Amino acid sequence: MAINFNQVPKYIRREIDPPEQTIEQGKRGNHVKQIQEWLNFHRCRTGVDADFGPATRDCVKDFQNKSNLPSTGKVDITTWLALVKPMIDALLEPVNISTLNAAEAVLAVANQHVNQNPVEIGGANCGPWVRLYCEGYDGAQWAWCAGFVTFIMHQAYFYRDQKAPIKGSVSCDTLAAQAIAAGLFVNESDITAGRVQWDSLGECGLFLRRRTSTDWTHTGFFHGGTEPVRELVFSTIEGNTNDEGSREGFEACRRKRSVSKGDYDFIKFE
């Protein structure tokens, strides 16, 4: 299906729209930097310095060979679209999304994104995926776990022609405050004490890793869950994490988490 998310905002267009002219050796600038980022994403490793030198040229040739494209070492529209295809695929409208409820739709979009292996490129909290989830911004200060869930939530609700239940944010604390105001926040203790049934949270929602009663440090999507509730294990899709579940990782991935340590709260969508 065609991309129609948000009629696509300018900051997304800057990531996926091809340059007007072919980019080749000797060129410098932002388009060159983007090419180098995507080359690294596709395991054609080179420096990200916005300078199209001979190493970048040879990496372009390697990528073109892998993609069954003419090995010119130059980035025309066809090569550009092949480079950014993972992001375009993540933005597509999921098949049959109109048949899903809101939580199922969010989970479908989250799976669509994580299947493309979003990852930082060029430094901590840097690269095209971070910019996608943080409205065009990247850099060390742009921890992107909250931006990841916010973007995906809005994408899913957009394709359902509905307004998301909370505005969203790049801040976990702001997500919690919005959910509390909307009556969608669920404290972990209410679940483990049986005051709230786990199944009532729906097919998918947000988890918040709690540091204190007013400070949350990491977020992602939860789905599934096993009994007994006091030993609840839930599946996740989360950004800015890693295999160890760090809140300052480098990728989006699937994980399992447990409430046994008593430091999670949740946001439901309905």
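**Exercise 1.** Which residue forms a salt bridge with E238, and how far apart are the closest N and O atoms?

*Solution.* Keep in mind that this is a predicted model.
- Step 1: look for the partner. R257 forms the salt bridge with E238, and the closest N and O atoms are 2.7 Å apart. That passes the cut-off, since the nitrogen has to be within 4 Å of the carboxyl oxygen.
- Step 2: place both ends. R257 sits in strand β5 (residues 251–258) and E238 in strand β4 (residues 233–241), so the bridge ties together parts that are 19 residues apart in sequence.
- Step 3: check the burial. Buried means under 20% relative accessible area. R257 has 5%, so R257 is buried. E238 has 0%, so E238 is buried as well.

**Exercise 2.** Is R28, which pairs up with D51, buried or exposed?

*Solution.*
- Step 1: find the contact. The side chains of R28 and D51 meet in a salt bridge, at 3.4 Å from N to O.
- Step 2: locate the ends. R28 is in the loop between α1 (10–16) and α2, while D51 is in the loop between α2 and α3 (54–66), so this pair ties together parts that are 23 residues apart in sequence.
- Step 3: read the accessibility. R28 has a relative accessible area of 65%, so R28 is exposed. D51, at 26%, counts as partly exposed.

If you fancy searching further, the whole structure holds 13 salt bridges. R211 and D215 make one of them, at 3.1 Å from N to O.

**Exercise 3.** What kind of aromatic pair do W38 and W129 form?

*Solution.*
- Step 1: take the two numbers you need. The ring centres of W38 and W129 are 5.8 Å apart, with 65° between the planes.
- Step 2: apply the cut-offs. Centres have to lie within 6.5 Å, and planes over 60 degrees apart count as edge-to-face. So W38 and W129 form an edge-to-face pair.
- Step 3: place the rings. W38 lies in helix α2 (residues 30–41) and W129 in helix α7 (residues 128–133), so the pair ties together parts that are 91 residues apart in sequence. Both W38 and W129 are buried.

**Exercise 4.** How is the pair of F41 and W129 classed?

*Solution.*
- Step 1: here the centres are 6.0 Å apart and the planes 45° apart, which makes the pair tilted.
- Step 2: F41 belongs to helix α2 and W129 to helix α7, 88 residues apart.
- Step 3: F41 has 16% relative accessibility, so F41 counts as buried.
- Step 4: widen the view. F41 and W129 are part of one aromatic cluster, whose members include W38, Y133 and F221.

Technical notes
Residues numbered from 1 in each chain as written. Predicted model: local features only at pLDDT ≥ 70, side-chain atom pairs only at ≥ 80, totals over all residues. Heavy atoms only, no water. Phe/Tyr/Trp six-rings, centres within 6.5 Å; stacked < 30°, edge-to-face > 60°. Helix = DSSP H or I, 4+ residues; strand = E, 2+ residues; numbered from the N terminus. Buried < 20%, exposed > 50% of the residue type's maximum accessible area, 1.4 Å probe, protein only.
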